[in-house]
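Okay, everyone, thanks for coming. I'll talk you through one protein today, so please have the picture in view.

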Amino acid sequence: MSKNNLRAIKASEMELQEKVVAIKRVAKVVKGGRRFSFSAIVVVGDGNGVVGYGLGKANEVTDSITKGIDDAKKNLVRVPVFKGTVPHDAIGKFGGGFVLLKPAAQGTGVIAGGAMRAVLESAGVHDVLAKSKGSSNPHNVVKATFDALNKMRDPLAVAQQRGVELSKVFNG
């Protein structure tokens, strides 16, 4: 069983907020000219450590957003949020996108670019320093951010695994 399956969440019993990350008009060249459709990347989250992303494609913008929301609700994961920030540094990679996440002091805010900001705010992270390197394609940035968040380890779980107190995990 993979790491993502262990963190999978059911969407039915939660109140989720949706954020549209990007809407793109795509064209298919056919005999009579171009046929346009839309693709939308959507992030949903409860603002309390549960977040998911989805891609929707349709001939209308509203339909593509709706499909994206439905897809995002199927891909929910729980991420550790410790005192409003991420517990430790993490690097996420997907395709050409590289993402660096660092914990920040309380009151810092979400220092992140567009696609990353939507994911982190939906997850309930209030203070974080983030940098996106490589690809600026929203698809790659969102997936790289999820890769970084999935690599995060909960401080309580680390303390139990090591058999020490929670204060020892951070202070050595």
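**A walk through the model**

Let's begin with one residue: V164 has a relative accessibility of 38%, so it counts as partly exposed, the class between 20% and 50%. Before I go on, keep in mind that this is a predicted model.

So where is V164? It sits in the loop that joins helix 5, residues 155–162, to helix 6, residues 166–171. Leaving out residues up to four places away in sequence, V164 touches A159 and V169.

Now let's zoom out. How many helices and strands does the protein have? There are six helices and eight strands. If you read along the sequence, the order goes α-β-β-β-α-β-β-β-β-α-β-α-α-α. As for dimensions, the C-alpha atoms fill a box of roughly 70 × 35 × 30 Å along the principal axes.

The protein has 172 residues, and 39% of them count as buried. About 10,000 Å² is exposed, with carbon and sulfur atoms supplying 50% of that. Here's one about contacts: take those with a separation of 6 or more, and 58% of them come from residues 24 or more positions apart. On charges, we have 26 positive and 14 negative ones, and their mean positions are 10 Å apart.

Next, the inside. The largest nonpolar core has 27 residues, and the ones with the most contacts inside it are V51, L101, M116, V119, L120 and L149. Which elements give two or more residues to this core? They are strand 2 (33–45), strand 6 (97–103), helix 3 (114–123), strand 8 (128–134) and helix 4 (138–151). Helix 4 brings the largest share, six residues. Another core lies apart from this one; it has nine residues, including L16, I65, I69 and A72.

Let's stay with helix 3 for a moment. This helix is mostly covered, with seven of its 10 residues buried. If you want to find them on the screen, look for A115, M116, A118, V119, L120, S122 and A123. Right after helix 3 comes G124, and its phi is positive, near 95 degrees.

I'd like to pick out S122, which belongs to helix 3. Why does S122 count as buried? Its relative accessibility is 3%, and buried means under 20%, so S122 goes in that class. What does S122 touch, if we skip residues up to four places away in sequence? The list is K19, V43, V44, G45, D46, G47, V50 and V51.

One more residue, and this one is V77. You'll find V77 in strand 4, residues 77–78. Its relative accessible area is 7%, which is under 20%, so V77 is buried too. V77 and K24 are 53 residues apart along the chain, and their C-alpha atoms are separated by 25 Å.

Last stop, a database note. UniProt, in an unreviewed entry, places the feature "domain: S5 DRBM" at residues 16–79. In the model, that span is 22% helix and 59% strand, and its end C-alpha atoms lie 15 Å apart.

To recap the residues we visited: V164 is partly exposed, whereas S122 is buried and V77 is buried as well. That's it from me, thanks for listening!

Notes: Residues numbered from 1 in each chain as written. Predicted model: local features only at pLDDT ≥ 70, side-chain atom pairs only at ≥ 80, totals over all residues. Heavy atoms only, no water. Helix = DSSP H or I, 4+ residues; strand = E, 2+ residues; numbered from the N terminus. Buried < 20%, exposed > 50% of the residue type's maximum accessible area, 1.4 Å probe, protein only. Contact = heavy atoms within 4.5 Å. Areas by Shrake-Rupley, 256 points an atom, 1.4 Å probe, with all protein chains shown as cover. Lys, Arg positive; Asp, Glu negative; His and termini not counted. Charge placed at Lys NZ, Arg CZ, Asp CG, Glu CD. Core = buried A, V, L, I, M, F, W, Y, C linked by side-chain atoms within 4.5 Å. UniProt positions renumbered as here; feature names shortened; annotations may be inferred.
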